[in-house]
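Dear colleague,

I am handing over to you the structure that follows. Please look through it first, and then read the findings set out beneath it.

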Amino acid sequence: MKTFLNYKFIIPIAIIIFILLMIFNPLSLLPGEHTVVIAEEKVQSENLPKQEEKQGMEKNYSKDKADEETSSGTQKDKEGQKSPHETEKNNEDKKSSSETQNDHEAVPPKEVEEQKVAYLTFDDGPSKNVTPYILDILKEYQIKATFFVIGSQAQENPEILKRIEAEGHMVANHTFSHNYKYLYASPKNFLKDLEKNEKLLDELLSNYSKTGIIRFPGGSFGKSKAATRKAVINEGYQYIDWNVVSGDAEGNNIPPAKQLNRLMETLENKKSAVILMHDANTKQTTIDALPRMIEYIQSQDYVFKTMADYEF
Ligand SMILES: [Zn+2]
């Protein structure tokens, strides 16, 4: 009976002693704490290279604001998961990270800036006195331009028209007659005249590509031309006006310096600059103005394209 009682109490007492030993014995505590430290160090070593990598990316590459907000949000989330002694260490990281972001906001990286495009367009040719000189200058600067030609002029100067095409420029339709009174009397007249020019260009040129890109004589703007604009679109054409001028249409023999000023005034860092100029016989000073205008446009980091590359 006595043995039974002893046996009955020994097991719970042994369990209690074992539990007490587990709690108070420093030898059983140490390995547990050690494991926690290793785990934290592991978290640190996993996090740190990622942050350095991210900061490096922010320095080298551009990101838009939405990305920045997302990345700082992610960083905050990570800090929320960290133990207190880690947070102190990472305050420095946070500081340098915010400095990087301020730098980023102050100086937008150049890589993301959209490439500015300049479209040189010459209207009302081809002419004997002006077009060949324009072509010489474009060849010298290795620039391709767009020529909105008048059919009646093309009939008079077919060789010059062919030279425009042969030298890689774009030939586009500027109506056959360029006669405002006739053209704007009715949309029907306008379409008839366009079609006449389209046929002529196709006959004269070996590779006339019917892009359907046209320019209204005098521009497409104004209520009075609304019906014509609609008719032209319905026929599958696309019309383009301009957003930069050299002012060579504001009279004859406009001095080159004045043309350059007009160009500088109206270019205004536009992403897509459609530049209006003229190669009609009366526009002699456009020849003199052209090299300096090209050099100015180049100095403003534009690339030159023809209207074939224009996004309507
Ligand atoms: Zn014109």
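What covers the buried residues of helix 7? Before turning to that, please note that this is a predicted model.

**The chain as a whole**

The chain contains 12 helices and 8 strands. Of its 312 residues, 26% are buried. Among the contacts in the chain with a separation of 6 or more, 78% are between residues 24 or more positions apart.

**Helix 7**

Helix 7 spans residues 158-166, and Ile160, Leu161 and Ile164 are buried in it. These residues lie on the same side of helix 7 because the arc that they cover around the axis is only 105°. The cover over the buried residues of helix 7 includes helix 5 (131-140), strand 2, helix 6 (151-156), strand 3 and helix 9 (187-204). On the face turned away from the buried side of helix 7, the exposed residues are Glu159 and Ala166. Just after helix 7 comes Gly168, which has a positive phi of about 85°.

**Strands 2 and 3**

Two of the elements that cover helix 7, strand 2 and strand 3, also pair with each other. Strand 2 consists of residues 146-149, and its pairing with strand 3 is parallel, with 4 bridges. Within this pairing, Phe147 is found opposite Val171 of strand 3.

In a regular strand, side chains alternate between the two faces of the sheet. Strand 3 (residues 170-173) has Met170 and Ala172 pointing one way, while Val171 and Asn173 point the other way. All of these residues are buried.

**Helix 5**

Which residues of helix 5 are buried? They are Thr131, Ile134, Leu135 and Leu138. Their arc around the axis is only 100°, so they are on the same side of helix 5. The other side of helix 5 has Asp136 and Glu140, which are exposed. Strand 1 (116-123), helix 7 and helix 12 are the elements against which the buried residues of helix 5 pack. Just after helix 5, Gln142 adopts a positive phi of about 55°.

**Two helix pairs**

Two packed helices are described by the angle between their axes and the distance between those axes. The following two pairs are set out in that way.

Helix 12, against which buried residues of helix 5 pack, also meets helix 11. Helix 11 comprises residues 256-267 and helix 12 residues 284-299; their axes come within 8 Å and cross at roughly 40°. Helix 11 is therefore oblique to helix 12. The crossing of helix 11 past helix 12 is right-handed. From helix 11, Pro256, Gln259, Leu260, Leu263 and Met264 take part, and they meet Thr285, Asp288, Ala289, Arg292, Met293 and Tyr296 of helix 12.

The second pair involves helix 9, one of the elements that cover helix 7. Helix 9 packs with helix 10 (residues 226-234) at an angle of about 45°, and their axes are 9 Å apart. These two helices, helix 9 and helix 10, are therefore oblique to each other. Helix 9 passes helix 10 in a crossing that is right-handed. Helix 9 contributes Pro187, Phe190 and Leu191 to the contact, and helix 10 contributes Ala227, Thr228 and Ala231.

With kind regards

Terms used:
Residues numbered from 1 in each chain as written. Predicted model: local features only at pLDDT ≥ 70, side-chain atom pairs only at ≥ 80, totals over all residues. Buried ≥ 20, exposed ≤ 12 C-beta atoms within 10 Å, placed from the backbone. Pairing = 2+ DSSP bridges. Contact = placed C-beta atoms within 7 Å. Arc of directions from axis to C-beta. Axes fitted to C-alpha atoms, helices over the stretch in contact; angles between N-to-C directions. Parallel < 35°, antiparallel > 145°, perpendicular 65-115°, else oblique. Left-handed = near helix turned anticlockwise from the far one by under 90°.
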